[in-house]
Amino acid sequence: MSTEVIAWGTPRAKAVLATTIVGSGMAMLDSTIVNVALPKIGEELQASVAGLQWILDGYLLSLAALILVAGSLGDRYGRRRMFTFGVLWFGAASLLCGLAPTTELLVAARILQGVGGALLTPGSLAILQSTFAREDRSRAIGAWSGLGGIASAIGPLAGGLLVQAGSWRLAFLINVPIAVVCVWMARRFVPESRDEALTGHPNILGSVVGALGLAGLTGALVEAPSRGADPLVVGAGIVGVVGLVAFGVLQVRGHKPLVPPSLFANRTFVLANALTFLMYGALGGVLVLMILQLQTSLHYSPTAAGLAGLPITVIMLVLSARSGRLAQRIGPRAQLVIGPLLVGAGMLLLRNAEPGATYFTGVLPGITVFGLGLATVVAPVTATVLAAAPDRYAGVASGVNNAVARTGSLVAVAALPAVAGLSGKGYADPVVMTEGWQRALLVCAAAAAVGGLLALGTDNGALGQGASGDGVPGSGPADCHACGVEGPPTHVRLAR
């Protein structure tokens, strides 16, 4: 555990908080900026739809595969050390992304970038929980989530401006100076901490097998539309299935499983994670295709396309904490059902975003309903997952929920373009893109609605009376101040 406890309001406390916000905010900023830059990347590198899919999925693949084990690395070997290493890795990979001359090299750099993201993402909250006094943690986490949410809000604007003013490469290169500053701050202000009770080595084998399974499945889904059932696609599919089955066997029979099988004996835990998978899959697919649709078919500039989705972030910032508190009072089930249905309704309204439509008639109504649905469901579903798990598995449950969300986005980005009929350079044709966009929205709306129906089976008393993630009022994910659009908050409860 931490050898130094820092009191709220001191200069050191502000510096530690700023360090974690800069690190996690860099990753949040990057994810939104890359989405905005995607059409220009495709244009300059002559990338096909599959190439664009790999640029997104390369990052999501390594992030989803490693995020479960990344938190335990910090607990064992030092939270500041792993956070700093993750930031350095992320910055170096970002430099490679910005210099990449081909789509293939950019994809490779994005995979490396995901490794850095997996190392630094859980580290931010772990540092706050281990460094601040118990009674100050709720304020620290609230400030971290609120200020960190600003990165999501400014990301689309920053991405659009960088792409328009210079090049898509600036969307990656901007991370380099941020990473340097963050590492300096961490080494100067953040005390080192670790869990001395942990012994042995983390389950690296499980992560490797899981990564192979996800990589095989992703490869088969991305490449099948253009290659058909050729040996590469079939082989990737076999590797994916065998890898994921082997991962499950290792969790059931392994000595130190990444995911204790007993967690899945709880119906609410299973259903809430299924809802997470469907919701973040639908969300990830729609947000990526919306950027392409706005720039290709409605002729938005990169800045305007980035700003188009800003109401979602604003709604989340304003309503997420209130939504979490409401779920605490009345139980989460109603919001877990209503939220996805609202998200689906917003997606159907977004079908009006077609050539000739104005922002106020074609985009804003759908975006608004979409954002209200997200604000309704995101905080309660994360809180429900954690509440359904025993206290000793709270950190693991959080990692599972985050990995499930990333995997949902990964699968959606891999499979949705083919389902929508987009392949080759179809994303650059307004007619083809619009047809694919409208077809994809139907699929994603159906996925969100299925998630809401699944939530009918959750336990409405899962959150309990006045429950919170850390035993401190206002510190649990039900009270998150800026629940993420890219993934649920990585909330870590440390053993007492």
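Of the 496 residues that make up the chain, 59% count as buried in this predicted model. The secondary structure consists of 16 helices and 0 strands. The accessible surface of the chain amounts to about 18400 Å², and carbon and sulfur atoms contribute 68% of this area. Among contacts in the chain with a separation of 6 or more, 85% involve residues 24 or more positions apart.

Two salt bridges are present in the structure. Side chains of opposite charge can pair when their charged atoms come close. In one of the salt bridges, the side chains of Glu-43 and Lys-40 meet at a distance of 3.9 Å, N to O. Both residues belong to helix α1 (residues 11-45), where a spacing of 3 residues places Glu-43 and Lys-40 about one helical turn apart. Glu-43 counts as exposed, with 53% relative accessibility, whereas Lys-40 is partly exposed at a relative accessible area of 33%.

A salt bridge is also formed by the side chains of Glu-44 and Arg-169, with an N to O distance of 3.2 Å. Glu-44 is located in helix α1 and Arg-169 in the loop between α5 (137-165) and α6 (170-173), so this pair ties together parts that are 125 residues apart in sequence. The relative accessibility of Glu-44 is 44%, and the residue counts as partly exposed. Arg-169, by contrast, counts as buried, with a relative accessibility of 19%; the cut-off for this class is under 20% relative accessible area.

A polar pairing of side chains is found at Asn-273, a residue of helix α10 (residues 267-296). Asn-273 counts as buried, with 6% relative accessibility. The side chain of Asn-273 is joined to that of Asn-401 by a polar contact of 3.1 Å. When neighbours within four places in sequence are set aside, the residues in contact with Asn-273 are Val-385, Val-400, Asn-401 and Val-404. The surroundings of this buried asparagine thus include three valines, namely Val-385, Val-400 and Val-404, together with its polar partner Asn-401.

On the surface, a nonpolar patch is formed by Ile-204, Val-208, Leu-212 and Val-239, which together have about 330 Å² of accessible area. Helix α8 (residues 204-227) gives the most to this patch, with 3 residues. One of the patch members, Ile-204, is placed in helix α8 and is partly exposed, with a relative accessible area of 43%. Ile-204 can belong to the patch because its relative accessible area of 43% lies over the 30% that patch residues need.

Definitions and conventions
Residues numbered from 1 in each chain as written. Predicted model: local features only at pLDDT ≥ 70, side-chain atom pairs only at ≥ 80, totals over all residues. Heavy atoms only, no water. Patch = residues over 30% accessible without salt bridge, like charges linked within 9 Å, V, L, I, M, F, W, Y side chains within 5 Å. Areas by Shrake-Rupley, 256 points an atom, 1.4 Å probe, with all protein chains shown as cover. Salt bridge = Lys/Arg side-chain N within 4 Å of Asp/Glu carboxyl O. Helix = DSSP H or I, 4+ residues; strand = E, 2+ residues; numbered from the N terminus. Buried < 20%, exposed > 50% of the residue type's maximum accessible area, 1.4 Å probe, protein only. Polar contact = N/O pair within 3.5 Å; in protein donor to acceptor, adjacent residues only side chain to side chain. Contact = heavy atoms within 4.5 Å.
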